[in-house]
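Please look through the charged side-chain contacts of the model shown here, working through the questions and answers that follow.

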Amino acid sequence: MLLAGGLAADPGDFDALVRTTAERLDLADDVARSKFVRGQPVLDAAREAIVLDDAVRKAGTKALSADDVRRVMTDQMEASKWIQYALIARWRVENAQSIIAPDLAKEVRPRLDALQGDLLQNLEQARTARATPIAHRDSTARPSAMPTSTAGMNFTAPPSFEHWPACAPSGPHRGNAVINSSGGIRYGTRRRWRRYRPA
Ligand SMILES: O=C(O)C(=O)C[C@]1(C(=O)O)C=C[C@@H](O)C=C1
């Protein structure tokens, strides 16, 4: 499509970014299993520093600003922690005994590391789409299709969700993870929604 000012935005570029962030978020389930079974805390500040350093280093080889990449990756990790906290809280309440957990260091983090390259690649490709006002996007890429309504919720999503990288940094449709009044979390893309709810 042709935008005001003659800029062409390919909605496909934007969709790839949404997909990669959703894939990354899916791994929060495996991370949570591993931490629950081994009794590890959700927050691992040292690991976060490694993830951010790697992202900023990779950003230096792309048309991406270090600040933007740092913010996007911080948001990704924040979202992962929310999912992990919700899952672990539920398993604790259920006194879950039969959780099968992958090895965090050997299995899950390598998958997160592999996704990081894709995510930054897609972030770079989506830079025109991300900078494009919502109203000018093709409907297939418009985050307004996502059910981000806060109706019936008594929980305000943390500020980090307001900068969900699937959305334009300045756009009105921010956040594709919502936490409802019963503590469940709904997250994902308009194509694929996952839902976690305490028992
Ligand atoms: O690797 C972990 O331990 C995770 O929990 C994943 C992750 C991430 O999203 O990369 C999220 C939270 C932690 O504080 C560190 C990293």
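Q: In which helix do Asp 54 and Lys 58 both lie?
A: This is a predicted model, in which local features need pLDDT of at least 70 and side-chain atom pairs count only at pLDDT 80 or more, while totals for chains, interfaces and linings use all residues. Residues are numbered from 1 along each chain as its sequence is written, and side-chain values use heavy atoms, with hydrogens and water left out. The side chains of Asp 54 and Lys 58 form a salt bridge at 2.7 Å from N to O (a side-chain nitrogen of Lys or Arg within 4 Å of a carboxyl oxygen of Asp or Glu). The two residues are 4 apart, about one turn of the helix, and that helix (a DSSP run of H or I, at least four residues, numbered from the N terminus) is H2.

Q: How many residues apart in sequence are the parts that Asp 44 and Arg 109 tie together?
A: Asp 44 forms a salt bridge with Arg 109, with the closest N and O atoms 3.0 Å apart. Because Asp 44 lies in the loop between helix H1 and helix H2, whereas Arg 109 belongs to helix H4, the pair ties together parts whose separation in sequence is 65 residues.

Q: Is Arg 109 buried or exposed?
A: Buried means under 20% relative accessible area, exposed over 50%, and partly exposed in between, with a 1.4 Å probe and protein chains only. Its partner Asp 44 is partly exposed at 27%, whereas Arg 109, with a relative accessible area of 19%, is buried.
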